[in-house]
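Here are a few short exercises to work through with the structure open beside you. Try each one before you read its solution.

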Amino acid sequence: MKKRYWLWIVASLMLVLSACGEKSKEDVVQSLQKKLEEMSGYKTEATMTLKTGEEEQKYKIDVWHKKKDYYRVLLNNEQDEKNSQIILKNEDGVYVLTPALNKSFKFQSDWPNNSSQPYLYNSLVADVVKDQDASFETTETYYVFETKTNYQNSKNLPYQEIYFDKKSLTPVMVKVLDKDRKPLVEVEFSSFELNPKFSDDAFTTEKNMTSGALGIPVMADGVENEPTPFTVLYPEASVGNAELDQQKEVDMENGKRVILSFKGDKSYTLIQESWTSYPASATVPVEVSGEIVDLGFTMGALSGSTLEWSHEGMNFYLASEDLTKEEMIQVAQSVQGKVVK
């Protein structure tokens, strides 16, 4: 009996000591901040799964970050290599590059600091620090936070769960949740390298517009591209009772254009274009005074009353004086859906 009693005492003490060894929420937050301050940069690979449509879409993401303001985010859609994009930030500004199409935009933007970014370590830590009411729990392997998000153009994803590895304090998984806390976006990190070395030209636009950036050929000036089958896509979203009023097709020298006019309480025009060749001028970045918009399946350029994006070898332009910024994004996101028959 005495032996069992002492075994029970020892076990109890071990449990107490084990509990005392767990870090508090404040301890972990401080450790995360210290980790960011001490590192010179990182490289990470991840898979992002979108569950916002009828079918899940997966993207491979490669992130390079060099302290303080150098970023390179490669968003690679395996089903649509023409639409693989790079978000680049260097001393000259912020760019969205589509190397396979020789297409680039330059933004006057404070990205990535103006919004939550589920695949950027810096952004995840910033959201944890900012939300003093964030919930916190410890598992055997992870520190788990649930925080509020800061998506400027979407109020449909107000929360996120962030899983940090307990040993390395690097992100392992992020689940972006809707109002019912249903995960609509998931990011799984497969590797994370701290303090890597980068080449001198790693964050230049010239380097990232070459074929090596994506591992697929980039269009040479004036070289014919295999044309994408032209299928007219229509928005599925119903905003302001707008209905298709007019459809006009225009043959161009190097492709085709379809102009869709929607009339209603919230009228707008949607233009879809295909290209069979790409002019030399396409390699010159188009400067946009607006902002980068994450449409989920691609990045768009929002400027005033217009929103432009590329998808599956097509260029899209949405223009409206009636739609709000969030409504324009809603319409644009729904264009990836089924074709209206």
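**Exercise 1.** Which residue's side chain does the side chain of Q160 join in a polar contact?

*Solution.* Keep in mind that this is a predicted model. Start by finding Q160, which is in strand β9. Now look for its side-chain partner: that's D127, with a polar contact of 2.9 Å between the two side chains. D127 is also among the residues that Q160 touches, and so are L124, F145 and V174.

**Exercise 2.** Work out whether Q160 is buried or exposed.

*Solution.* The cut-off for buried is under 20% relative accessible area. Q160 has 0% relative accessibility, so it counts as buried.

**Exercise 3.** Decide why helix α3 can be called largely enclosed by the rest of the structure.

*Solution.* First locate α3 at residues 121-130. Next, pick out its buried residues: Y121, N122, S123, L124, V125, D127 and V128. That's seven of the ten residues, so the helix is largely enclosed. Notice D127 in that list; you met it as the polar partner of Q160.

**Exercise 4.** Trace how β9 is joined to the strands β8 and β10.

*Solution.* Take β8 (residues 142-148) to begin with: seven bridges join it to β9 (residues 159-165), and the two run antiparallel. Then go to β10 (residues 171-177), which six bridges join to β9, again antiparallel. Now follow F164: its bridge partner in β8 is Y143, while in β10 it is P171. Finally, check the link between β9 and β10: they form a hairpin with five residues between them, and L169 in the turn has a positive phi of about 65 degrees.

Conventions. Residues numbered from 1 in each chain as written. Predicted model: local features only at pLDDT ≥ 70, side-chain atom pairs only at ≥ 80, totals over all residues. Heavy atoms only, no water. Pairing = 2+ DSSP bridges. Helix = DSSP H or I, 4+ residues; strand = E, 2+ residues; numbered from the N terminus. Buried < 20%, exposed > 50% of the residue type's maximum accessible area, 1.4 Å probe, protein only. Polar contact = N/O pair within 3.5 Å; in protein donor to acceptor, adjacent residues only side chain to side chain. Contact = heavy atoms within 4.5 Å. Lists of a residue's contacts leave out its neighbours within four places in sequence.
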